[in-house]
Amino acid sequence: MAKKAKKTAAKKPVAKKAAKKTAAKKPVAKKAAKKSARKPNAAFMAPVTPSPALAAVVGAKPAPRTEMTSRLWAYIKKNKLQDAKNRRQINADAALKVVFGKASVNMFEMTKLVSKHLK
């Protein structure tokens, strides 16, 4: 019985330490909230001009890089070009095949290929 008493006594300080850790993490969360209020990077907001091949998909007007990506995704979803089973794959139609250079592209590879068409 003496051994059981020692085990229960050892468990109680562990619970107190866990409570201290959660209390220490709360101020960190407040700091993260302050960082989210920072200004956007000006490089992302600079207008870029699409190549004629990309302009056929997203329009010829110069716009920020983020807006170009949004327009491209709108085109992909409107024309249902995402693969049904693997949603990360994009099956290019005739207009996108000119931009991508191949029939099927991974969504992460897409931005790399599109950046070649932006000036």
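This is a short tutorial dialogue on reading a helix pair and a loop in a predicted model.

Reader: Before we start, what should I know about the model and its numbering?

Author: Happy to help! This is a predicted model, where local features need pLDDT of at least 70, side-chain atom pairs count only at pLDDT 80 or more, and totals for chains, interfaces and linings use all residues. Residues are numbered from 1 along each chain as its sequence is written, and side-chain values use heavy atoms, with hydrogens and water left out.

Reader: How many helices and strands are in the protein?

Author: Helices (H or I, at least four residues) and strands (E, at least two) are DSSP runs, numbered from the N terminus. Here there are 6 helices and 4 strands, and along the sequence they follow the pattern α-α-β-α-β-α-β-α-β-α.

Reader: How do I read a pair of helices?

Author: Two packed helices are described by the angle between their axes and the distance between the axes. Axes are lines fitted to C-alpha atoms, for helices over the stretch in contact, and angles run from 0 to 180 degrees between N-to-C directions. In this model, the axes of H4 (residues 65-78) and H6 (residues 107-115) cross at roughly 125 degrees and come within 12 Å. That makes H4 oblique to H6 (under 35 degrees is roughly parallel, over 145 roughly antiparallel, 65 to 115 roughly perpendicular, and the rest oblique).

Reader: Which residues in H4 and H6 meet?

Author: Contact means heavy atoms within 4.5 Å. From H4, Arg 65, Leu 72, Trp 73 and Ile 76 meet Met 107, Met 110, Val 114 and Ser 115 of H6. By class, this contact of H4 with H6 has 6 nonpolar, 1 polar and 1 charged residues.

Reader: Now the loop after H4. Is Gln 82 buried or exposed?

Author: Buried means under 20% relative accessible area, exposed over 50%, and partly exposed in between (1.4 Å probe, protein chains only). Gln 82 sits in the loop between H4 and strand E3 (89-91), and it counts as buried because its relative accessibility is 16%. Across the protein, 23% of the 119 residues count as buried.

Reader: What is Gln 82 in contact with?

Author: Leaving aside neighbours within four places in sequence, Gln 82 is in contact with Trp 73, Ile 76, Lys 77, Arg 87, Gln 89 and Asn 91. A polar atom of the Gln 82 side chain lies 2.8 Å from the backbone oxygen of Arg 87.

Reader: And what about Lys 80?

Author: Lys 80 is also in the loop between H4 and E3, but at 73% relative accessibility it counts as exposed. Its phi is near 50 degrees, a positive value in a residue other than glycine.

How values were computed: Nonpolar A, V, L, I, M, F, W, Y, C, P; charged D, E, K, R; others polar. Polar contact = N/O pair within 3.5 Å; in protein donor to acceptor, adjacent residues only side chain to side chain.
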